Amino acid sequence: MTRDKLIAVAALAALGLAGCSNNGRSVGAAEGICKPFTTTTTTTTTTNAQVAATTPATLPAAVPVSDPSANVDECLHRWGYTLAASSDPANMVADATLAACGSALSAWNQQSLSVDNAGGAVQAPSLMNGQPTNPLAEHYAFAEGRALFYVVQARAGHCGPPPATTNATSTNR
């Protein structure tokens, strides 16, 4: 009877160890969680057919220039992923991320003041909670939430920092 018990224990141990297998998944980043970083490309004259033939479908779409929040989002993404490795609580890391992107947020606010309402912050009810707000407060709330999201996303997905760039003007650091 001890032989049967030994076989049963060995079978259970093998079954338990089989559950620890990564089944072909790579160690590191969790698949589908990490947001890829946008890359800058050099400007050349090409036809649409050439672009379609050489551009993989998996590359992230370029952020439209007309989207004023794009620089803020990209900055928060890069700094959130970079600082996520810190052992500090996520909300503190998100605050540091937001501080690192202060100039991008200020530029977005400056643009909205000059374009949207000729220098004054218009009060209106928030579409999220109905409380009175203005564009500057909404920009800050967006950046604050996005910074926390990127830090948590990077930690949950074990996402690495952005690739190093040689051009200091290409990022908002």
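Select Cys34 and Cys159 to begin: the torsion about their S-S bond is about -95°, so this disulfide is left-handed. The sulfurs sit 2.0 Å apart, S to S. Keep in mind throughout that this is a predicted model.

**Stop 1: the Cys34 end**

The bond links distant parts of the chain, with Cys34 in the loop between H1 and H2 and Cys159 in the segment after H6, 125 residues apart. Colour helix H1 (2-18) and helix H2 (48-54) to frame the loop that holds Cys34. Are the two cysteines buried or exposed? Cys34 is partly exposed, with a relative accessible area of 26%. Cys159 is buried, at 10%.

Now add Ala156. Its C-alpha atom is separated from that of Cys34 by 8.9 Å, while the two positions lie 122 residues apart along the chain.

Step to His158, also in the segment after H6. Check its backbone: phi is positive, about 55°, although His158 is not a glycine. Most residues other than glycine have a negative phi. His158 is exposed, with a relative accessible area of 55%.

**Stop 2: the other disulfide**

How many disulfides are there? The count comes to two. Select Cys75 and Cys101, whose sulfur atoms are 2.1 Å apart. The torsion about this S-S bond is about -95°, so the disulfide is left-handed. Cys75 belongs to helix H3, and Cys101 to the loop between H4 and H5, 26 residues apart. Both are buried. With the bonded cysteines numbered in sequence order, the pairing reads 1-4, 2-3.

**Stop 3: salt bridges**

Stay on helix H3 and show charged side chains. The structure holds three salt bridges.

Start with Lys35 and Asp73, which meet at 3.0 Å, N to O. Lys35 lies in the loop between H1 and H2 and Asp73 in helix H3, so the pair ties together parts that are 38 residues apart in sequence. Lys35 is partly exposed, with a relative accessible area of 28%. Asp73 is buried, at 12%.

Keep Asp73 selected and add Arg146. These side chains form a salt bridge at 2.8 Å, N to O. The link runs from helix H3 to helix H6, across 73 residues. Arg146 counts as partly exposed, with 28% relative accessibility. Show Lys35, Asp73 and Arg146 together: they are linked in a network of salt bridges.

The next pair is Arg78 and Glu74, again 2.8 Å, N to O. Where do they sit relative to each other? They are four residues apart in helix H3, and so separated by about one helical turn. Arg78 counts as buried at 9% relative accessibility. Glu74 counts as buried at 14%.

**Stop 4: aromatic rings**

Switch to Phe, Tyr and Trp. A search of the whole structure finds four aromatic pairs. Select Tyr81 and Tyr150. Their ring centres are 6.2 Å apart and their planes stand at 75°, so the pair is edge-to-face; the angle cut-off for that label is over 60 degrees. Tyr81 is in helix H3 and Tyr150 in helix H6, 69 residues apart. Both are buried.

Move to Trp108 and Phe142. Here the centres are 5.7 Å apart and the planes at 80°, so this pair is edge-to-face as well. Trp108 is in helix H5 and Phe142 in helix H6, with their positions 34 residues apart. Trp108 is buried, with a relative accessible area of 10%. Phe142 is partly exposed, at 30%.

Return to Tyr81 and Tyr150, then add Phe37 and Phe149. These four residues form one aromatic cluster.

**Stop 5: the nonpolar core**

Hide the rest and look inside. In soluble globular proteins, nonpolar side chains tend to be buried together. The largest nonpolar core here has 21 residues. Which members touch the most others? Select Val72, Leu76, Tyr81, Ala143 and Val151. Helix H3 (70-83), helix H4 (90-100), helix H5 (102-115) and helix H6 (135-157) each give two or more residues to this core.

Finish on Val151. Leaving aside neighbours within four places in sequence, Val151 is in contact with Gly80, Ala84, Ala90, Val93, Ala94 and Thr97. Tyr81, met at the previous stop in its pair with Tyr150, is among the core members with the most contacts to other members.

Note on methods
Residues are numbered from 1 along each chain as its sequence is written. This is a predicted model: local features need pLDDT of at least 70, side-chain atom pairs count only at pLDDT 80 or more; totals for chains, interfaces and linings use all residues. Side-chain values use heavy atoms; hydrogens and water are left out. A nonpolar core is a set of buried Ala, Val, Leu, Ile, Met, Phe, Trp, Tyr and Cys residues joined through side-chain atoms within 4.5 Å. Buried means under 20% relative accessible area, exposed over 50%, partly exposed in between (1.4 Å probe, protein chains only). Contact means heavy atoms within 4.5 Å. Rings of Phe, Tyr and Trp (its six-membered ring) pair if their centres lie within 6.5 Å; planes under 30 degrees apart count as stacked, over 60 as edge-to-face and the rest as tilted. A disulfide is a pair of cysteine sulfur atoms within 2.5 Å. A salt bridge is a side-chain nitrogen of Lys or Arg within 4 Å of a carboxyl oxygen of Asp or Glu.
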